[in-house]
Amino acid sequence: MKLRTIARIVSLALLSLPALAEEVNIADLPTSKPVDTKPRLAYGQVLKYGDKLMFAPCRDRTFVFFEDVSADGSVGKGLDLIGLAAGKKLYVELLGFVEHDRLKASQINFAQTDGRCQVPGTSDEAWRASGNEPGWILAAGGERVQFKRQGRPEVVLPYAPTLPDNGVASYRVSEGGRALTLRFEQKLCRDQQANSVFGWTASVTLDGETLHGCAWQR
């Protein structure tokens, strides 16, 4: 094919481009993906940088802005209780979603001053709870609940999945002459001894004796 013929074909193709562009309707173009606003647990650190609050996800060197979107400002109030307003760096587990360049947090699950990143829970550990005076700790998930109290033997009983309903998760079990009742309520709970805040209060009744403390989801 002669060069003159090739040049004529290319020229005709270029002239046709504007006409093709005019035929494209904006409505036919793909729309941007909507933001997923379903709250999920975010693990990382919150810190003050000047007058801004920043969130750094665990095992990630990136930062995003941090925004409290809870109805009553409970997230910010809870984090201030353990030193955020004073400039302390906090390890946090927060319910929220990411939109553009910021994490929008709606609820505290767990937060601790100068804490390190923790491994998220599995199906074998759905809840943790603890309290003081006397000291006790509880882990529930999978098929068992373990309860340890200072100065007494560990108690292990069967467990079944416990999901919150209207901000309350409760569970009862009796076996081998032992009776255990758990009640977790979605309220801000502070452990001053551990300098931590939690998203749930905990009430544990074992054989008629009730102990109180804080709980968080795993």
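## Tryptophan 200 and its aromatic partner

In this predicted model, tryptophan 200 is buried, its relative accessible area being 2%. Tryptophan 127 has a relative accessibility of 2% as well and likewise counts as buried. A search of the whole structure finds 8 aromatic pairs, and one of them is formed by tryptophan 127 and tryptophan 200, whose rings meet edge-to-face, with 5.1 Å from centre to centre and 90° between the planes. The two residues come from distant parts of the chain, since 73 residues separate tryptophan 127 in strand β6 (residues 127-131) from tryptophan 200 in strand β14 (residues 200-206).

## A second pair and a ring cluster

Another aromatic pair, this one tilted, is made by phenylalanine 198 and tryptophan 216, with 4.9 Å between the ring centres and 40° between the planes. Phenylalanine 198 belongs to strand β13 (residues 196-198) and tryptophan 216 to strand β15 (residues 209-217), so this pair ties together parts of the chain that are 18 residues apart in sequence. Both phenylalanine 198 and tryptophan 216 are buried, and ring pairs join these two residues with Tyr91 and Phe110 into a cluster.

Asparagine 109, which lies in strand β5 (residues 102-113), is in contact with several of the residues already named. Leaving aside its neighbours within four places in sequence, asparagine 109 touches Phe198, Gly199 and Trp200, Ala215, Trp216 and Gln217, and also Leu41, Glu93 and Leu94. Is asparagine 109 buried or exposed? Asparagine 109 counts as buried, because its relative accessibility is 3%, and the limit for that class is under 20%.

## The chain as a whole

The protein chain contains 2 helices and 15 strands. Of its 218 residues, 36% count as buried, while the chain exposes about 13700 Å², of which carbon and sulfur atoms supply 53%. Among the contacts between residues at least 6 apart in sequence, 48% join residues that are at least 24 apart.

## The sheet of eight strands

Strands β6, β14 and β15, which hold tryptophan 127, tryptophan 200 and tryptophan 216, take part in an open sheet of 8 strands, where the order is β9-β8-β7-β6-β15-β14-β11-β10 and the pairing is antiparallel. The edge strands are β9 (155-158) and β10 (168-175), each of which pairs on one side only. On average, neighbouring strands of this sheet are turned by 20° against each other when direction is ignored.

At one end of this order, β10 is joined to strand β11 (residues 178-185) by 8 bridges, and the two strands run antiparallel; serine 170 stands opposite arginine 183 in β11. Elsewhere in the sheet, arginine 149 is found in strand β8 (residues 144-149) and counts as buried, with a relative accessibility of 10%. Not counting residues up to four places away in sequence, arginine 149 touches Gly135 and Trp136, together with Leu206, Glu209 and Leu211.

## Two hairpins in sequence

Strand β1 (residues 40-49) pairs with strand β2 (residues 52-57) in the antiparallel sense over 6 bridges, and within this pairing phenylalanine 55 in β2 is the bridge partner of valine 46. The two strands form a hairpin with 2 residues between them, and glycine 50 in the turn has a positive phi of about 70°.

Strand β2 also pairs with strand β3 (residues 64-68), again in the antiparallel sense, here over 2 bridges. Phenylalanine 55 has a bridge partner in β3 too, namely valine 64. Between β2 and β3 there are 6 residues, the two strands form a hairpin, and arginine 59 in the turn has a positive phi of about 55°.

## Serine 74 in a helix

Serine 74 has its place in helix α2 (residues 74-81). With a relative accessible area of 24%, serine 74 is partly exposed, because buried would require a value under 20% and exposed a value over 50%. Which residues does serine 74 contact, leaving aside its neighbours within four places in sequence? The contacts are with Asp68, Ile108 and Leu188. The C-alpha atoms of serine 74 and glycine 199 are separated by 9.9 Å, although the two residues are 125 residues apart along the chain.

Note on methods:
Residues numbered from 1 in each chain as written. Predicted model: local features only at pLDDT ≥ 70, side-chain atom pairs only at ≥ 80, totals over all residues. Heavy atoms only, no water. Helix = DSSP H or I, 4+ residues; strand = E, 2+ residues; numbered from the N terminus. Buried < 20%, exposed > 50% of the residue type's maximum accessible area, 1.4 Å probe, protein only. Contact = heavy atoms within 4.5 Å. Areas by Shrake-Rupley, 256 points an atom, 1.4 Å probe, with all protein chains shown as cover. Pairing = 2+ DSSP bridges. Axes fitted to C-alpha atoms, helices over the stretch in contact; angles between N-to-C directions. Phe/Tyr/Trp six-rings, centres within 6.5 Å; stacked < 30°, edge-to-face > 60°.
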